[in-house]
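Welcome! Here is a short guided walk through a protein model, meant for someone seeing it for the first time. Take a moment to look it over before reading on.

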Amino acid sequence: MAPAPFPFDPSIFFSARGAGHGHRLGIRYDAHGADWCQLVLPWREDLVGDLARGVIASGPIVALLDMATSVGVWMKRGGFLPHATLDLRVDYLRPAAPQRDVIGRGECYRVTRSVAFVRGIAHDGDPEDPVAHVAGTFMFTGAPA
């Protein structure tokens with residue numbers, strides 16, 4: 001794998017952003033490692049899909065997981081390198097608890113010449129009781145790794 005042109009720090013990336021759908025949703029950085037990233041989607045009334053229950057809609061949770069797994073790819077590749085979501089399967093297991101933040105953790109577990117493979121979960125406080133599982137692939141859009 002070719003080295004990235006510059007190092008990537010997701011804590012700086014998320015603190016410096018001022019636009020995009022992740023910013024609009026309020027997604028914020030929580031933690032990361034060599035091949036993973038954990039983000040938080042704060043509960044907000046405008047993200048609620050079931051007003052009677054106060055539960056965050058599934059769409060913002062899918063966006064959270066797409067972003068967490070995408071950052072996992074950047075961590076694994078060692079930099080902010082271009083890629084596109086090729087496939088993202090989200091198994092939505094249950095609604096998030098009412099008025100609870102949702103935590104998304106994405107991991108890049110394999111990188112080939114042109115594709116990264118990812119997996120992860122979303123939960124509302126207990127990783128052993130996930131809201132959703134995610135599995136997917138990202139295709140590199142720049143020069144081959």
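A good place to begin is a pairing of charge and ring: R105 lies over the face of W36, 3.6 Å from the ring centre. Keep in mind as you look that this is a predicted model. A second arginine is placed in a similar role: R77 lies over the face of F140, also with 3.6 Å to the ring centre.

**The nonpolar cores**

F140 leads us inside the protein, as it is included in a core of seven residues, along with C108, V111 and A116. That core is a second one, separate from the largest nonpolar core. How many residues does the largest nonpolar core have? It has 24, and the ones with the most contacts inside it are I27, L39, L41, I61, V71 and V102. Three elements, β2 (36-41), α3 (58-77) and β8 (132-140), each supply at least two residues of this core. Of the elements, α3 gives the most, with nine residues. As general background, nonpolar side chains in soluble globular proteins tend to be buried together.

**Two cysteines**

How many disulfides does the count come to? The count is zero. C37 is in no disulfide, and its nearest cysteine sulfur, that of C108, is 12 Å away. A disulfide needs the two sulfur atoms within 2.5 Å, so a pair that is 12 Å apart does not qualify. C37 is buried, with a relative accessible area of 0%. C108 is likewise in no disulfide, and C108 is buried too, at 0% relative accessible area.

**Aromatic rings**

The count of aromatic pairs in this model comes to eight. In general, such a pair is described by the distance of the centres and the angle of the planes. Two of the pairs are set out here.

| Pair | Centre to centre | Angle between planes | Arrangement |
|---|---|---|---|
| F13 and F14 | 5.2 Å | 85° | edge-to-face |
| Y109 and F117 | 6.4 Å | 45° | tilted |

Why is the pair of Y109 and F117 tilted? Their planes stand at 45°, and tilted is the word for angles that are neither under 30 degrees nor over 60, so this pair fits it. The partners in the other pair can also be described by their exposure. F13 counts as partly exposed, at 26% relative accessibility, while F14 is buried, with a relative accessible area of 10%. Y109 is partly exposed at 38%, and F117 is partly exposed at 27%. F13 and F14 also belong to one aromatic cluster together with F8, W74 and F80.

**A strand residue and a loop residue**

T137 is found in strand β8. Is T137 buried or exposed? T137 is buried, with a relative accessible area of 13%. Leaving aside residues up to four places away in sequence, T137 touches A84, T85, L86, D87, V115, A116, F117 and V118. Two of these names have come up before: A116 is included in the second core, and F117 is a partner in the tilted pair.

Our last stop is Q99, in the loop between β5 (83-92) and β6 (102-111). Q99 has a positive phi of about 55°, although it is not a glycine. With a relative accessibility of 57%, Q99 counts as exposed, because the cut-off for that word is over 50%.

How values were computed. Residues numbered from 1 in each chain as written. Predicted model: local features only at pLDDT ≥ 70, side-chain atom pairs only at ≥ 80, totals over all residues. Heavy atoms only, no water. Helix = DSSP H or I, 4+ residues; strand = E, 2+ residues; numbered from the N terminus. Buried < 20%, exposed > 50% of the residue type's maximum accessible area, 1.4 Å probe, protein only. Core = buried A, V, L, I, M, F, W, Y, C linked by side-chain atoms within 4.5 Å. Phe/Tyr/Trp six-rings, centres within 6.5 Å; stacked < 30°, edge-to-face > 60°. Lys NZ or Arg CZ within 6 Å of the ring centre and 35° of its normal. Contact = heavy atoms within 4.5 Å.
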